[in-house]
Amino acid sequence: GEGGGQEEVETVLEGIQDCLQRTKVESFSVSASHVGCFWRAAGSGTGRVPRVIYMGLSEECLTPLLSLHAALTSRHYPFVPSSLTRPFCPHITLAKTHSG
């Protein structure tokens, strides 16, 4: 039923919270440094069109964010992309574009 799905979500969230608490990263501030975009893959048929418009983060907040990301990837959550397949780029998504 639908209730089982909610229990699964709660279990995953509890695991994430536990994982992040174990990293012992001190609280930190996040500040923006620039606006940028991730481009659609070459050969996507859409030409040079941004896929995601984002706000980049300042250098001082990258170390704790990278530590948190490493902790999550070590737990092998399927929804946390590995840095081996695509480099982790901490950012705040402002908009996603549509193709077509």
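**Exercise 1. Find the backbone oddities.** Just past helix 2 sits H76, with a positive phi of about 60°; find which non-glycine residue has a positive phi of about 55° and place it in the fold.

*Solution.* This is a predicted model, so treat the angles as computed values.
- Step 1: Recall the background. Most residues other than glycine have a negative phi.
- Step 2: Scan for the exception. K24 isn't a glycine, yet its phi is positive, at about 55°.
- Step 3: Place the residue. K24 belongs to the loop that links helix 1 to strand 1.
- Step 4: Check its surroundings. K24 has a relative accessible area of 67%, so it counts as exposed.

**Exercise 2. Lay out the fold.** Work out how many helices and strands the protein has and which pattern they follow along the sequence.

*Solution.*
- Step 1: Count the elements. You should get two helices and three strands.
- Step 2: Read from the start of the chain. The order comes out as α-β-β-α-β.
- Step 3: Look at the contacts. Taking pairs of residues at least 6 apart in sequence, 63% of the contacts join residues at least 24 apart.
- Step 4: Look at the surface. About 7,400 Å² is exposed, with carbon and sulfur atoms supplying 56% of it.
- Step 5: Look at burial. Out of 100 residues, 21% count as buried.

**Exercise 3. Test helix 2.** Compare the expected span of helix 2 with the distance between its end C-alpha atoms, then list its buried residues.

*Solution.*
- Step 1: Get the length. Helix 2 covers residues 62-74, which is 13 residues.
- Step 2: Get the expected span. The rule is 1.5 Å times one less than the number of residues, and at 1.5 Å a residue helix 2 should span 18 Å.
- Step 3: Compare. The end C-alpha atoms are 18 Å apart, so the model agrees with the expectation.
- Step 4: Pick out the buried positions, using under 20% relative accessible area as the cut-off. In helix 2 these are L62, P64, L65, L68, H69, A71 and L72.

**Exercise 4. Track down the salt bridge.** Find which side chains form a salt bridge and say whether each partner is buried, partly exposed or exposed.

*Solution.*
- Step 1: Start from the principle. Side chains of opposite charge can pair when their charged atoms come close.
- Step 2: Apply the cut-off of 4 Å between nitrogen and carboxyl oxygen. The count comes to one salt bridge.
- Step 3: Name the pair. D18 and R22 meet at 2.9 Å, N to O.
- Step 4: Ask why they line up. Both sit in helix 1 (residues 2-22), four residues apart, so about one helical turn separates them.
- Step 5: Check exposure. D18 is partly exposed at 29% relative accessible area, while R22 is exposed at 62%.

**Exercise 5. Assemble the sheet.** Determine the strand order, the edge strands and the number of bridges for each pairing.

*Solution.*
- Step 1: Remember what holds a sheet together. Strands pair through backbone hydrogen bonds, either parallel or antiparallel.
- Step 2: Set the order. The three strands make an open sheet, 1-2-3, with antiparallel pairing.
- Step 3: Find the edges. Strand 1 (32-39) and strand 3 (91-96) each pair on one side only.
- Step 4: Get the twist. On average, neighbouring strands are turned by 25° against each other, direction ignored.
- Step 5: Count bridges. Strands 1 and 2 share seven, and strand 2 (residues 50-57) has five with strand 3.
- Step 6: Pin down partners. H34 bridges to G56 in strand 2, and M55 bridges to I92 in strand 3.

**Exercise 6. Follow two residues across the chain.** For I92 and V12, find how exposed each is and how far each lies from a residue distant in sequence.

*Solution.*
- Step 1: Take I92, in strand 3. At 38% relative accessibility, I92 is partly exposed.
- Step 2: List the contacts of I92, skipping neighbours within four places in sequence. They are I53, Y54, M55 and L57.
- Step 3: Step over to V35. V35 and I92 are 57 residues apart along the chain, with C-alpha atoms separated by 9.5 Å.
- Step 4: Switch to V12, in helix 1. V12 is partly exposed at 27%.
- Step 5: Pair V12 with Y77. They're 65 residues apart in sequence but 8.8 Å apart in space, C-alpha to C-alpha.

How values were computed. Residues are numbered from 1 along each chain as its sequence is written. This is a predicted model: local features need pLDDT of at least 70, side-chain atom pairs count only at pLDDT 80 or more; totals for chains, interfaces and linings use all residues. Side-chain values use heavy atoms; hydrogens and water are left out. Two strands pair if DSSP finds at least two bridges between them. Axes are lines fitted to C-alpha atoms, for helices over the stretch in contact, and angles run from 0 to 180 degrees between N-to-C directions. Buried means under 20% relative accessible area, exposed over 50%, partly exposed in between (1.4 Å probe, protein chains only). Contact means heavy atoms within 4.5 Å. Accessible areas come from the Shrake-Rupley method with a 1.4 Å probe; for residues, only the protein chains shown count as cover.
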